[in-house]
Amino acid sequence: MLRVLFLLIFFLGINESVLSQSESYNMTFAANSGNPGSINTETDALTAGWTSITGTVGAINADQWSSNVTIPFAFNFFGTAVTSFKVSQGGVLTFTTGAVSLPGANTALPASGLPDLSIAMMWDDFTNTPPTGSGDQVYYKTFGTAPNRQLWVRYFSFEMGNPTVSFVYMSAVLEETSNKIYVVDQYNASALGTTSVGVQYNGSFAVQDAASPSITHGSPTNGTSIADNDVWTFTPFSLSGCIDPPTPGTAEILPLTPVCPGTMVGFNLLEIVLDWVKPMSG
Ligand SMILES: [Ca+2]
Ligand SMILES: [Ca+2]
Ligand SMILES: [Ca+2]
């Protein structure tokens, strides 16, 4: 009986940590590095060719989700094909377009307040001095040519956060073929904010900047030029072939002959060997 309990606990422990997504991300950060790949060469505050997706045009009194937008090329997130997205007023992009509850105040990731399959692009709370400015919008625009296009989703002149930053310009960028994600901090009123940056698969697994939930907007303050833009890069990698956590396979007791009390028995679980001694009183 002791042996059965021991193995049961061992297997439960492994199952709890098994990840179901097929990819994860390596994250890097580079201050004042310009726009990723130099595909978007516009200065930060232009609007020609950009499309607004903000649910309400003009001053906004309460947090809300935007309308849904179709991604103009094939794109995978944590190895899952996604086709459309929406954004909150607080810097969260989610591919779970059926999500209803709003993210609210930002926390470190993984965060129970975020929908599955979300990008925290400097996620912060809705402004604590509503309404937002009348010109505050979220826009999107596609740059480049297939198969190397980038979809930019940009907060434009957006009042955000607690404490409030009176305006920020920042983007999440989805890159065709590479499936990379960039978060670009572009232009801001002040080097303030207490934000979170990362990508979240679900409430149990995410890749984040460890400074979350206290990342400030550019310091010193970013202007409208590209050169001062600060960029987080999330590069996907496959989890297939990873042995973390290990696969236990079939447990086998060695030797298979009756064991005397006090004799050591080896359990061969592929590359893991557990030793167990039957107690004299067992
Ligand atoms: Ca800038
Ligand atoms: Ca905050
Ligand atoms: Ca900067």
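## Two open sheets and their loops

Phenylalanine 78 sits in the loop between E3 and E4, which makes a handy place to start. In this predicted model, phenylalanine 78 has a positive phi near 55° although the residue is not a glycine. Is phenylalanine 78 buried or exposed? A residue is buried if 20 or more other C-beta atoms lie within 10 Å of its own; phenylalanine 78 has 25 such neighbours inside 10 Å and therefore counts as buried.

**The model as a whole**

Let us step back for a moment. The protein has 282 residues, of which 35% are buried. Its secondary structure amounts to one helix and 16 strands. Of the contacts between residues at least 6 apart in sequence, 61% join residues at least 24 apart. The average pLDDT is 85, and 77% of the residues score at least 70. Over residues 1-18, however, the pLDDT is below 50, and beyond near neighbours in sequence this stretch has nine contacts in the model.

**The six-stranded sheet**

The two strands around phenylalanine 78 belong to an open sheet of six strands, in the order E3-E4-E5-E6-E11-E12, with antiparallel pairing. Why do E3 and E12 each have one side without a neighbour in the sheet? Both E3 and strand E12 (205-208) stand at the edges with a single partner strand each, so one side of each is left free of a neighbour in the sheet. On average, neighbouring strands of this sheet are turned by 25° against each other, direction ignored.

E3 is joined to strand E4 (residues 80-87) by five bridges, and the two run antiparallel. One of the residue pairs here is threonine 70 with its bridge partner in E4, serine 84.

**The seven-stranded sheet**

The other sheet described here is open too, with seven strands in the order E1-E13-E10-E9-E8-E7-E2 and antiparallel pairing. Here strand E1 (23-30) and E2 are the edge strands; each has a single partner strand, so one side of each lacks a neighbour in the sheet. E1 pairs with strand E13 (residues 230-238) in the antiparallel sense over eight bridges, and threonine 28 has threonine 233 as its bridge partner in E13.

Strand E9 (residues 165-175) is mostly covered, with 10 of its 11 residues buried. On one side, eight bridges join E9 to strand E8 (residues 150-160), again antiparallel; E9 also pairs in the antiparallel sense with strand E10 (residues 181-188), over seven bridges. Serine 171 is a good residue to click on in this part of the sheet: arginine 154 stands opposite serine 171, and serine 171 stands opposite valine 184 in E10.

**Backbone angles in loops and turns**

Most residues other than glycine have a negative phi, and most peptide bonds are trans. With that in mind, here are some backbone angles to look up.

| Residue or bond | Place | Angle |
|---|---|---|
| Asparagine 32 | loop between E1 and E2 | phi about 50° |
| Phenylalanine 78 | loop between E3 and E4 | phi near 55° |
| Glycine 161 | hairpin of E8 and E9 | phi near 100° |
| Threonine 177 | turn of the E9 and E10 hairpin | phi about 70° |

The hairpin of E8 and E9 has four residues between the strands, while the hairpin of E9 and E10 has five residues between them. As for asparagine 32, this residue counts as partly exposed because it has 13 C-beta neighbours inside 10 Å.

Which peptide bonds are cis? The bond from proline 130 to proline 131 is cis, with omega near 5°, and proline 131 lies in the loop between strand E6 (118-123) and strand E7 (137-143). A cis peptide bond also joins serine 219 and proline 220, with omega about 0°; proline 220 has its place in the loop between E12 and E13.

**Around aspartate 63**

One more loop residue rounds off the tour. Aspartate 63 lies between strand E2 (51-52) and strand E3 (69-77), in the loop that connects them. With 15 other C-beta atoms within 10 Å, aspartate 63 is partly exposed. Which residues does aspartate 63 touch, not counting residues up to four places away in sequence? They are Ser88, Gln89, Gly90, Leu102 and Phe126. As for leucine 102, it is 39 residues from aspartate 63 in sequence, and their C-alpha atoms are 7.5 Å apart in space.

Conventions. Residues numbered from 1 in each chain as written. Chains lettered and ligands numbered in written order. Predicted model: local features only at pLDDT ≥ 70, side-chain atom pairs only at ≥ 80, totals over all residues. Buried ≥ 20, exposed ≤ 12 C-beta atoms within 10 Å, placed from the backbone. Contact = placed C-beta atoms within 7 Å. Pairing = 2+ DSSP bridges. Axes fitted to C-alpha atoms, helices over the stretch in contact; angles between N-to-C directions. pLDDT = per-residue confidence, 0-100.
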